[in-house]
Amino acid sequence: MITNASRLALTVGLLLMSMHGFAELGEIHNYHEVNDRLSTGGHVMAPQVPELKDAGFELVVNLATVQEDHNASDGPSLAAEGIAYVHIPVLWSSPTLDDLDLFFAIMDARADRKTLVHCMANYRASAFVYLYRTLRQGVPEAQARRDLEVIWNDQAWREYPQWAALMEAAQARAK
């Protein structure tokens, strides 16, 4: 038997979903809030773009390479919502210190804008954000590593040695 309270809860739920296109930030693959001004995540789908606006995001940095069927329209979709968009296509198989330097420059220039850094699965994004926080912002390594390890685990580091090499090269260069 459906109670009045159940009907009300269902109605409110359906109303909220219809207002927001059935998408939530938590539906972004591997979404992780680092702090109230910075989050990382995987690919952002079109229905999630209004959610980013509603959540106060002002800048999205995409580190994935262009894939016509996944992210080719990200920039226009975000611009239509008034969200600034920067695309730094980082090759998964060979991330470079030049990629990282460009990312650092964008992050330095963002001031206090609420920012989402994303890629396809949040591996590139979380690694670059970890390096930015530790090397540029002075966040203690242990604190930043906790956020990194939400996405990366020991097996991933073994499977993708190019990313471990990038991390080591960036840290060595900073010394």
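## Cores and rings in a predicted model

The buried residues of helix H6 pack against strand E1 (32–35) and against helices H5, H7 and H8. Keep in mind as you look around that this model is predicted.

Which residues of H6 are buried? They are Ala-144, Asp-147 and Leu-148. These residues cover an arc of only 105° around the axis, which puts them on the same side of H6. A general rule about helices helps here: an α-helix has 3.6 residues a turn, so residues three or four places apart point the same way.

Now for the largest nonpolar core. This core has 32 residues, and those touching the most other members are Leu-63, Phe-103, Val-117, Phe-128, Trp-152 and Trp-163. Two or more residues come from each of strand E3 (59–62), helix H4 (97–109), helix H5 (123–135), helix H6 (141–148), helix H7 (154–159) and helix H8 (161–174). H5 gives the most, with seven residues. Apart from this core lies another one, of 10 residues, including Leu-25, Val-49, Leu-52 and Val-60. In soluble globular proteins, nonpolar side chains tend to be buried together.

Let's zoom in on Trp-152. Leaving aside neighbours within four places in sequence, Trp-152 is in contact with Trp-92, Tyr-123, Ser-126, Ala-127, Trp-157, Tyr-160 and Trp-163.

How many aromatic pairs does the structure hold? There are 13. Here are two of them, both edge-to-face.

| Aromatic pair | Centre to centre | Between the planes |
|---|---|---|
| Trp-92 and Tyr-160 | 4.9 Å | 75° |
| Phe-103 and Phe-128 | 5.4 Å | 65° |

Trp-92 lies in the loop between strand E4 (84–87) and H4, while Tyr-160 lies in the loop between H7 and H8, so their pair ties together parts that are 68 residues apart in sequence. Are these two rings buried or partly exposed? Trp-92 has 26% relative accessibility, so this residue counts as partly exposed. Tyr-160 also counts as partly exposed, because its relative accessibility is 26%.

In the other pair, Phe-103 sits in helix H4 and Phe-128 in helix H5, so the link joins parts that are 25 residues apart in sequence. Phe-103 counts as buried because its relative accessibility is 0%. Phe-128 is buried too, with a relative accessible area of 0%.

These four residues belong to a wider cluster: ring pairs link Trp-92, Phe-103, Phe-104, Tyr-123, Phe-128, Tyr-132, Trp-152, Trp-157, Tyr-160 and Trp-163.

One more ring to look at is that of Phe-57. Lys-114 lies over its face, at 4.7 Å from the ring centre.

Technical notes:
Residues numbered from 1 in each chain as written. Predicted model: local features only at pLDDT ≥ 70, side-chain atom pairs only at ≥ 80, totals over all residues. Heavy atoms only, no water. Core = buried A, V, L, I, M, F, W, Y, C linked by side-chain atoms within 4.5 Å. Buried < 20%, exposed > 50% of the residue type's maximum accessible area, 1.4 Å probe, protein only. Helix = DSSP H or I, 4+ residues; strand = E, 2+ residues; numbered from the N terminus. Contact = heavy atoms within 4.5 Å. Arc of directions from axis to C-beta. Phe/Tyr/Trp six-rings, centres within 6.5 Å; stacked < 30°, edge-to-face > 60°. Lys NZ or Arg CZ within 6 Å of the ring centre and 35° of its normal.
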